[in-house]
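Let's take a walk through this model, looking at how some of its helices pack and where empty space is left. Keep the viewer open as you read.

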Amino acid sequence: MLARIRFSALRQSSLQWTRAMASSAPTTKLYISGQMTESTSSKWMDVHNPATQEVVTRVPEATNDEMLSAVASAKKAFPAWSKTSILSRQQVMFRLQGLIKENMSDLAAALTKEQGKTLADAEGDVFRGLQVVEHACSITSLQTGETMPSVATDMDIHSYRVPLGVCAGITPFNFPAMIPLWMFPIALVCGNTYVMKPSERDPTVTMMLVELAEKAGVPPGVLNIIHGTKPAVDFICTNPDIQAISFVGSNHVGEYIYEQGSKHGKRVQSNMGAKNHGVIMPDANKEHTLDQLVGAAFGAAGQRCMALSTAVFVGDAQQWIPELVARAKKLKVNAGHCSGADLGPVISPQAKQRIEELVESGVQEGASLVLDGRGVKVPGYEQGNFVGPTVLSNVKPHMKCYTEEIFGPVLVIVNADTLDEAIDIINANPYGNGTAIFTNSGAIARKFQTDIDVGNIGVNVPIPVPLPMFSFTGSRGSFRGDTNFYGKQGVNFLTQVKTVTSMWRAEDIKLAAGENVVMPTMR
């Protein structure tokens, strides 16, 4: 059995739920050339526990020299790592997945403390990332080429996939374990080196994953971590040694990164905002559907890019709305580490304020506020960024609460008379991340998945995030780039094709002397 790691990223009892002053909070280190390094920056940001406002750690705005050092380290490590056998890189991934499993509870606890989601949801966050690491272990079947023998006399052609070089990732606050694990494991197992900038709001889990990667055998320089805000993003977008950028986050930032990265000659994959609709047909299994809607709308306090934030009730299914509201009322709001919590706080006071303002805008524009979660107070955590489950019904597509991604525990309900009307509503929305339909009719489901213009579709599955043997295929306004995350597309994004045309003339054959009877081994 693998031993659990004593994480340097968790010094000063960061897993204990105690209050601390900013002056006594630990600092988050950079990770460059295999070393945890204290930044020399004069600019630091406090990371707050969203349930208590406790300062958990302080994050630097990495200096330009520090970021250059991280890229130089990755560039220096690339020749040796890219030439390391694919079997050796595969073994590193095998060890990494074992270490993540062994340290799941510590990762989840650190995640909850900085991000706020419940411990059960935090473990799910880690687990969905772990699945990508497990898929990376199948790289010997993924990073394959093509061949055609005898295209002409004595001539063969074959192509193979090779790594790009130094790649970079920029991750969001809402999945501080899963999204980094979408990025660097696939990049590394393909033979690339990596520079990652985790969210400045919850960096500790990424730092813990880096320690596990080092323990798994990732050599110094192959994986590096910088911290910061827009200056770090601009650095990644413009540095000439970085070949590709992966990003998950808001539309405003994602559009900027796609434009700037592409302008500077880089590959970019940018997963952005969403307005995910669930269509509820009258023939659906009511109990199952309502339970699924509540979990998908309010889980993780609605801070999921695949949260089912809009419900479209079709025809007689509109009669189920009171029962949906009754289920939502039963959800328990509490600090994420507390037993029985169904949803924790949102990430910041600013996020809470924005959510409440968007709810109020819906009321002012004529929506019905059938469940109001604003102003919720949690005993013992009065300073927390809590918003309770909120439901706005009779919402129209022109309303601000519909057109903007709320990113909180708010479900907006739109009514439709027919399936065709529901499909038209969804296709008119600019986003294309995910959608779902609830029905017992195969014909209805088939029509929906055929006519809908959204990348990830669920049939009686409310959050249709594909497993990593497939790719995450958000589309339209939710994605910029040509190649999606993980799965075969993820490997294609992180590699390039070389094609070799070779000729070996038959008349040049000479007999080899001697025999070797030793069993050949592959290393």
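**Pockets, helices and cavities**

H4 (119–136) and H6 are helices that each supply at least two residues of the lining of the second largest pocket. Keep in mind that this is a predicted model. Of the two helices, H4 is the one to look at here: the largest share of that lining, four residues, comes from H4. The second largest pocket holds about 270 Å³ of space. Its lining runs to 13 residues, and Arg128, Phe175, Arg304, Ile463 and Val465 are the ones nearest the centre. Sorted by class, that lining has eight nonpolar, one polar and four charged residues.

Now follow H4 to one of its packing partners. Two packed helices are described by the angle between their axes and the distance between the axes. For H3 and H4, the axes come within 8 Å and cross at roughly 120°. What does that make their relation? An angle over 115 but not over 145 degrees falls outside the perpendicular and antiparallel ranges, so H3 and H4 are oblique to each other. The crossing of H3 past H4 is right-handed. On the H3 side you'll find Met104, Ser105, Leu107, Ala108, Ala109, Leu111 and Thr112, and these meet Leu119, Ala122, Glu123, Asp125, Val126, Phe127 and Leu130 in H4. By class, this contact of H3 with H4 has 10 nonpolar, two polar and two charged residues.

H3 also packs against another helix. Helix H3 (residues 104–115) and helix H7 (residues 204–216) have their axes 8 Å apart, at an angle of about 160°. Angles over 145 degrees count as roughly antiparallel, and H3 and H7 are therefore roughly antiparallel to each other. From H3, the contact uses Asp106, Leu107, Ala110, Leu111 and Glu114, while H7 brings Thr204, Val205, Met208, Leu209 and Leu212. That contact of H3 with H7 comes out as seven nonpolar, one polar and two charged residues. Leu107 and Leu111 are worth selecting in your viewer: they are among the H3 residues that touch H7, and they are also among those that meet H4.

From H7, step across to H6. These two helices pack at an angle of about 35°, with their axes 10 Å apart. H6 passes H7 in a right-handed crossing. Pro180, Leu181 and Phe184 of H6 make the contact with Thr206, Leu209 and Ala213 of H7. By class, the residues of this contact of H6 with H7 are five nonpolar, one polar and no charged. Leu209 of H7 is part of this contact, and Leu209 is also listed in the contact with H3.

H6 leads on to the enclosed space. Rolling a probe the size of a water molecule over the atoms shows where empty space is left. A search of the whole structure turns up five cavities of 30 Å³ or more. Which helix gives the most to the lining of the second largest cavity? That's helix H6 (residues 178–189), with three residues. The second largest cavity has a volume of about 50 Å³. Trp182, Met183, Ile186, Tyr194, Ser246, Gln269, Phe485, Tyr486, Gly490 and Leu494 line it. There's no charged residue in that lining, which divides into seven nonpolar and three polar residues.

The largest cavity has a volume of about 90 Å³. It is lined by 13 residues, with Gly302, Ala307, Ser309, Glu405 and Phe407 nearest its centre. Here charged residues do take part: the lining has six nonpolar, four polar and three charged residues.

Finish at the largest pocket, where about 920 Å³ of space lies. It has 36 lining residues, and Phe173, Arg201, Gly249, Ser250 and Val253 lie nearest its centre. Which elements give two or more residues to that lining? They are helix H8 (230–238), strand S10 (242–248), helix H9 (251–263) and helix H12 (349–364). By class, the lining of the largest pocket has 16 nonpolar, 13 polar and seven charged residues.

Key:
Residues are numbered from 1 along each chain as its sequence is written. This is a predicted model: local features need pLDDT of at least 70, side-chain atom pairs count only at pLDDT 80 or more; totals for chains, interfaces and linings use all residues. Side-chain values use heavy atoms; hydrogens and water are left out. Axes are lines fitted to C-alpha atoms, for helices over the stretch in contact, and angles run from 0 to 180 degrees between N-to-C directions. Angles under 35 degrees count as roughly parallel, over 145 as roughly antiparallel, 65 to 115 as roughly perpendicular and the rest as oblique. Contact means heavy atoms within 4.5 Å. Ala, Val, Leu, Ile, Met, Phe, Trp, Tyr, Cys and Pro count as nonpolar, Asp, Glu, Lys and Arg as charged, and the others, Gly among them, as polar. On a 1 Å grid over the protein atoms alone, a cavity is a set of points where a 1.4 Å probe fits but cannot get out, and a pocket is an open set with protein on both sides within 12 Å along at least five of seven lines; lining residues have an atom within 4 Å of a point. Grid points are joined across faces, edges and corners, and a volume is the space filled by probe spheres set on the points. A crossing is left-handed if the near helix is turned anticlockwise from the far one by less than a right angle, and right-handed if clockwise.
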